[in-house]
Amino acid sequence: MIRWERQEDGNWLGLSGELAVASVTRGESAEREQWLWTITALKRPKGWRKGAGHRTSWIEARRAAEEYWQRWLEEAALRPDLM
């Protein structure tokens, strides 16, 4: 789970414990609202899409980052050896 803190500039910083793992920033586009999300704290497994994207609202961008982070945590979890 990511703990989100709103920054003074209106952007969001995502933390896992004390480690900054994600960010959500407002896009530069003046035509429409756009929020860019990025997962910064991990190496992407082979075959995975980039840990970044854009959404039309900050809440949707945060959800996308959380889903990516959760998927990574599940893939990285230690599993018992199978015989």
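Contact here means that heavy atoms lie within 4.5 Å of one another, and this predicted model can be toured with that cut-off in mind.

Begin by selecting Ile39 and hiding its neighbours within four places in sequence; what then remains in contact with Ile39 is Ile2, Val21, Ala22, Gly51, Ala65, Tyr68 and Trp69.

Next, widen the selection to the largest nonpolar core, which has 15 residues, and in which Ile39 is among those that touch the most other members, together with Ile2, Trp4, Ala22, Val24, Trp37 and Ala65. Colouring by element shows that strand S3 (19-26), strand S4 (35-39) and helix H1 (58-76) each give two or more residues to this core, and that H1 supplies the largest share, namely five residues.

Now turn to the strands, of which five form an open sheet in the order S1-S2-S3-S4-S5, with antiparallel pairing. At the edges you will find strand S1 (3-6) and strand S5 (52-55), each of which pairs on one side only, while from one strand to the next the twist averages 25 degrees.

Stay with the S5 edge and select S4 beside S5, where the two strands pair in the antiparallel sense over four bridges. Trp37, already met as one of the core residues that touch the most other members, has Gly53 in S5 as its bridge partner.

Finally, bring H1 back into view against the sheet: the helix lies across S1, strand S2 (12-16), S3, S4 and S5, and runs at about 20 degrees to S4. With H1 and S4 both displayed, you are looking at two of the elements that give two or more residues to the core.

Notes: Residues numbered from 1 in each chain as written. Predicted model: local features only at pLDDT ≥ 70, side-chain atom pairs only at ≥ 80, totals over all residues. Heavy atoms only, no water. Core = buried A, V, L, I, M, F, W, Y, C linked by side-chain atoms within 4.5 Å. Buried < 20%, exposed > 50% of the residue type's maximum accessible area, 1.4 Å probe, protein only. Pairing = 2+ DSSP bridges. Axes fitted to C-alpha atoms, helices over the stretch in contact; angles between N-to-C directions.
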